[in-house]
Amino acid sequence: MSEPGGIELSATLRRIERAAGALATASVARMDETLPWFRALPADQRSWVMLVAQAGARSLVQWLREGGGSADSTQEVSDEVFATAPQALARSISLQQTVALVKVTIEVVEEQVGALAAEGEEQRLREAVLRFSREIAFAAARAYARAAESRGSWDARLQALLVDALLRGDSPDVLASRAAALGWSDAPPVAVAVGRSPGGEVAAVLHTAYRLARRIGVEMIGGVHGDRLVIVFGGAADPLSAAGTLLPAFGAGPVVVGPAVPSLDEATDSARAALAGFRAAPAWPTAPRPVPAADLLPERALAGDAEARRLLRHDVYALLARASGELLETLDAFFAAGGTLESAARALFVHPNTVRYRLRRIAEVTGFSPLVPRDAFALQVALTVGRLDPVVPLLANQPVSVTSRQKST
């Protein structure tokens, strides 16, 4: 029969069963009349809504037959309403819009209570429909929560695959297809930041990074690899400053930003530089946070990064050798004198002002000033690497291109 407050298994249920199809059709027609955004939906999505409406009518009958149902059966019956629609519906229609659809459907059913309920059952049916509408609303919330969780897990896996492809240097076609699936529009410039992951669920870590990226209006793709968080971001006029905004997404420790590149196709270079810098960053305990990977060239070279050695060899040592033999001689004397300008001048038998001029020339040619302790360290490593590794001779007519370091990525 029924539990207290329910309605009897009488002619009312049979009338509702017979009218289920008509109720669904009338509900969709009312949606079309009253909800402009519903009229704009593609035909396939409108058909999904019709399926949900029909399932809702059938579930109402089942729910009434059980007299309002227990808590478990009520959830099961109401959840079945949304099981008929694909998960894509949750991506096409917002939860707020779904609630509006439920409201329209309930209004249509309430208008038909007089025709559907057996004599004397009108009020009970009306109350039962209101209780069932509440359960449907909860079911909609659960359906959207499951869709969001599934989408978040899938996006996290897809982002991890994209970051892996970047680190491996996969073809641009592979990168483009995976990025397109994530909605990446490739706004330039693109840079990669690497730091320690704060731990916890990957989806939660990436959600924090997304929230921060949206705040400054930049695109973002991320992945957690072991204990490292790798973030690819694009569209920031100043990538280093943007990385500073993203710092709360990282765990403790250094955060290294690779050089800015024009597009995702070239982001492999930025990612490799950032990873190499992250591995070498412990050797510079007082490094800023975030720090450009280019500022870690000496540490990266000492840690075995071949690209850092190449940059120091070709963009520092070779340029000094090509510019003038006096610059290398002056730099050796300056370091041998412990950074004392007058002592270097005596060793070279020149005036101190000549040493000053040459040191300024060294800074202009390489981007590193011997008078700055941090830069002096980089120059010393460059001299060592340049003399240990053979340098391809620069042609006399080859233009000089200083690419050794940029203070900002």
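**Exercise 1. Burial and overall composition**

Task: Determine what share of the residues of the protein chain counts as buried.

Solution. The model is a predicted one. A residue is classed as buried when its relative accessible area is under 20%. By this criterion, 46% of the 409 residues of the protein chain are buried. The surface that the chain exposes amounts to about 19,500 Å², and carbon and sulfur atoms supply 55% of that area. As to secondary structure, the chain contains 18 helices and five strands. Among contacts with a separation of 6 or more, 70% are made by residues 24 or more positions apart.

**Exercise 2. Cis peptide bonds**

Task: Identify where the cis peptide bond between P188 and P189 is placed, and do likewise for the bond from R289 to P290.

Solution. Begin with P188 and P189, whose peptide bond is cis with omega at about -10 degrees. P189 belongs to the loop between helix 9 (172-181) and strand 1 (190-196). Next, consider the bond from R289 to P290, which is cis with omega near 0 degrees. P290 is situated in the loop between helix 12 and strand 5 (291-292).

**Exercise 3. Positive phi values**

Task: For D186 and F349, state the phi angle and decide whether each residue is buried, partly exposed or exposed.

Solution. D186, a residue other than glycine, has a positive phi near 60 degrees. The residue lies in the loop between helix 9 and strand 1. Its relative accessibility is 26%, and D186 therefore counts as partly exposed.

F349 is likewise not a glycine, and its phi is positive at about 60 degrees. It is found in the loop between helix 16 (341-348) and helix 17 (352-366). Because its relative accessibility is 78%, F349 counts as exposed.

**Exercise 4. Salt bridges**

Task: Examine the salt bridges D305 with R300, E326 with R358, and R387 with D332, and establish how exposed the partners are.

Solution. The count of salt bridges in the model is 11.

Step 1. The side chains of D305 and R300 meet at an N to O distance of 2.8 Å. D305 is buried because its relative accessibility is 17%, and R300 is buried because its relative accessible area is 3%.

Step 2. E326 and R358 form a salt bridge with an N to O distance of 3.6 Å. This pair connects distant parts of the chain, with E326 in helix 15 (residues 325-336) and R358 in helix 17, 32 residues apart. E326 has a relative accessible area of 42% and so is partly exposed, whereas R358, at 11%, counts as buried.

Step 3. In the bridge between R387 and D332, the closest N and O atoms are 2.7 Å apart. Here too distant parts of the chain are linked: R387 is in helix 18 (residues 373-388) and D332 is in helix 15, 55 residues apart. R387, at 44% relative accessibility, is partly exposed, and D332, at 30%, is also partly exposed.

Step 4. R309, R313 and D389 are joined in a network of salt bridges.

**Exercise 5. A charged surface patch**

Task: State which residues gather in the patch of negative charge on the surface, and describe the setting of E266.

Solution. The patch of negative charge consists of D173, D265, E266 and D269. E266 occupies the loop between strand 4 (255-257) and helix 12 (267-280). With a relative accessibility of 38%, E266 counts as partly exposed.

**Exercise 6. Surroundings of two residues**

Task: Describe the location, exposure and contacts of R361 and of H225.

Solution. R361 is part of helix 17. Its relative accessible area is 29%, so R361 is partly exposed. Leaving aside residues up to four places away in sequence, R361 touches A323 and L327. Its C-alpha atom is separated by 9.9 Å from that of S324, which is 37 residues away along the chain.

H225 is located in strand 2 (residues 219-225). Its relative accessible area is 14%, and H225 is therefore buried. With residues up to four places away in sequence again excluded, H225 touches A160, V163, D164 and V230.

Note on methods:
Residues numbered from 1 in each chain as written. Predicted model: local features only at pLDDT ≥ 70, side-chain atom pairs only at ≥ 80, totals over all residues. Heavy atoms only, no water. Patch = residues over 30% accessible without salt bridge, like charges linked within 9 Å, V, L, I, M, F, W, Y side chains within 5 Å. Areas by Shrake-Rupley, 256 points an atom, 1.4 Å probe, with all protein chains shown as cover. Salt bridge = Lys/Arg side-chain N within 4 Å of Asp/Glu carboxyl O. Lys, Arg positive; Asp, Glu negative; His and termini not counted. Charge placed at Lys NZ, Arg CZ, Asp CG, Glu CD. Helix = DSSP H or I, 4+ residues; strand = E, 2+ residues; numbered from the N terminus. Buried < 20%, exposed > 50% of the residue type's maximum accessible area, 1.4 Å probe, protein only. Contact = heavy atoms within 4.5 Å.
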